[in-house]
Amino acid sequence: MRIAFFDAKPYDKPSFERFGAEHGLKFKYFETKLNEDTVNLANGYDGVCVFVNDTVNAAVIDRLCEMGIKVVALRCAGFNNVDMKYAFGRIHVLRVPAYSPYAVAEHTMAMLLTSVRRIHKAYIRTRDFNFSLTGMTGFDLHGKTVGVIGTGRIGRVFIDICRGFGMNVLAYDKFPAQGLDNGDTVRYVSLDELFEGSDIISLHCPLTEETYHIINSDSLEKCRRGVVILNTSRGALVDAEALLAGIKSRKVGAACLDVYEEEADIFFEDFSGHIIEDDTLARLISMPNVIVSSHQAFLTEDALSNIAETTVKNIVGFFENNECPNELCYRGGSTEDCKCGKCF
Ligand code: NAI
């Protein structure tokens, strides 16, 4: 089996080579992202393997089908970059539903601690032998309230970490988890209550039509002055212009962003010698209370190994046994994990 692997980076290859060799899969690594201009590179392969910023829209799906390709293997959990409505019945879409919720949850806490204890400033100051503490005052996380939107795998690990710091948790989820609300330190509340009662808000829900711009000017208006916004989920959960306005007006005390609405053409690439065209991103990065990482929360050795192992098993299962437990289905008019394991 030969698989065209798009948006390939050096850190992807060791794990995919190892698990691919064990299961007789050969990957051809393309550095370019998959989109309408690059899709023809997949000609002659049995499937494509894609990541978060590859584009699997109707035009790409049509061309993949014309080339006889039957499977799109996502090496990630999120699938907002795939037009699932169009894909369903045409091409099989497999994903890695979970690989390390700890990787993302721990990165979220790393960003929060960096921000509120000014570690990013301290690192630069002391390298320049500037040992002044002026402007470095932070605040204790202990006793603060964190609002967690999305209490799935990652959200729940993040809640555990926050509880370890002695924080109180206000949670919101469209489908609340059984047994999480203890009526005291962890409580499910309405979205408005979460906005009004949280010192820190962390996003761990998927990007859907319902959650698009869940952080916007209206929701920020409801928040406490000085609220810290954490987004390690998907960029378009946050209206970046509204966030910028909130930072300028001092309503938002800090923001930690691992994802950005318009990241697709920017993140994962080195633009250090270039002039960035995206004024909103440039302005956000220029703020002393904004930390941006480049969709890096997943990037641990443990997660990379799990991603490669599951992706390879998904592809092999699909081709050899005609089934895959990690197939995505759009049968009921919304995307969910397939119940039958061999959709359409
Ligand atoms: P999950 O599927 O276990 O949990 C998602 C939760 O969001 C579920 O409890 C679900 O009920 C809830 N949800 C769905 N619709 C909602 C809505 N309208 N409002 C509130 N909650 C809603 O997913 P998991 O593994 O926890 O991942 C969460 C997100 O993290 C993914 O969707 C992905 O976008 C992002 N992610 C980011 C990574 C990174 O490197 N920055 C890596 C992996 C995932």
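Let's start with an open sheet of seven strands, paired in parallel and ordered E8-E7-E6-E9-E10-E11-E12. Its edges are strand E8 (186-188) and strand E12 (290-292), each of which pairs on one side only. From one strand to the next, the twist in this sheet averages 15°. Keep in mind as you look around that this is a predicted model.

To see the pairing up close, pick out strand E6 (residues 145-149) and strand E7 (residues 168-172), which run parallel and are joined over five bridges. A handy place to begin is Thr145, whose bridge partner in E7 is Asn168. As general background, the strands of a sheet pair through backbone hydrogen bonds, in either a parallel or an antiparallel sense.

Now add a helix to the picture. Helix H4 (residues 101-116) lies across strand E9 (200-203), strand E10 (227-231), strand E11 (252-257) and E12. Its direction makes an angle of about 140° with E11.

There is a second sheet to visit. This one is also open, with five strands in the order E2-E1-E3-E4-E5 and parallel pairing. Strand E2 (26-29) and strand E5 (92-94) stand at its edges with a single partner strand each, so one side of each has no neighbour in the sheet. Here the twist averages 25° from one strand to the next.

Within this five-stranded sheet, strand E3 (residues 47-50) and strand E4 (residues 71-74) pair in the parallel sense over four bridges. You can locate the pairing by finding Gly47, which stands opposite Val71 in E4. A helix lies across strands here too: helix H1 (residues 13-23) crosses strand E1 (2-5), E2 and E3, and runs at about 155° to E2.

Finally, let's turn to the ligand. Around it are 22 residues, of which Tyr99, Arg153, Ile154, Asp173 and Thr232 come nearest. Sorted by class, this shell holds nine nonpolar, eight polar and five charged residues.

Which atoms make polar contacts with the ligand? Among them is a backbone N or O atom of Ile154, 2.8 Å from an oxygen atom of the ligand. Phe298 also contributes a backbone N or O atom, which lies 3.1 Å from a ligand oxygen atom. With Asp258 the side chain takes part: one of its N or O atoms is 3.0 Å from a nitrogen atom of the ligand. As for burial, the ligand taken alone exposes 860 Å², and the protein buries 87% of that.

Definitions and conventions: Residues numbered from 1 in each chain as written. Predicted model: local features only at pLDDT ≥ 70, side-chain atom pairs only at ≥ 80, totals over all residues. Heavy atoms only, no water. Pairing = 2+ DSSP bridges. Helix = DSSP H or I, 4+ residues; strand = E, 2+ residues; numbered from the N terminus. Axes fitted to C-alpha atoms, helices over the stretch in contact; angles between N-to-C directions. Contact = heavy atoms within 4.5 Å. Near = heavy atom within 4 Å. Polar contact = N/O pair within 3.5 Å; in protein donor to acceptor, adjacent residues only side chain to side chain. Areas by Shrake-Rupley, 256 points an atom, 1.4 Å probe, with all protein chains shown as cover. Nonpolar A, V, L, I, M, F, W, Y, C, P; charged D, E, K, R; others polar.
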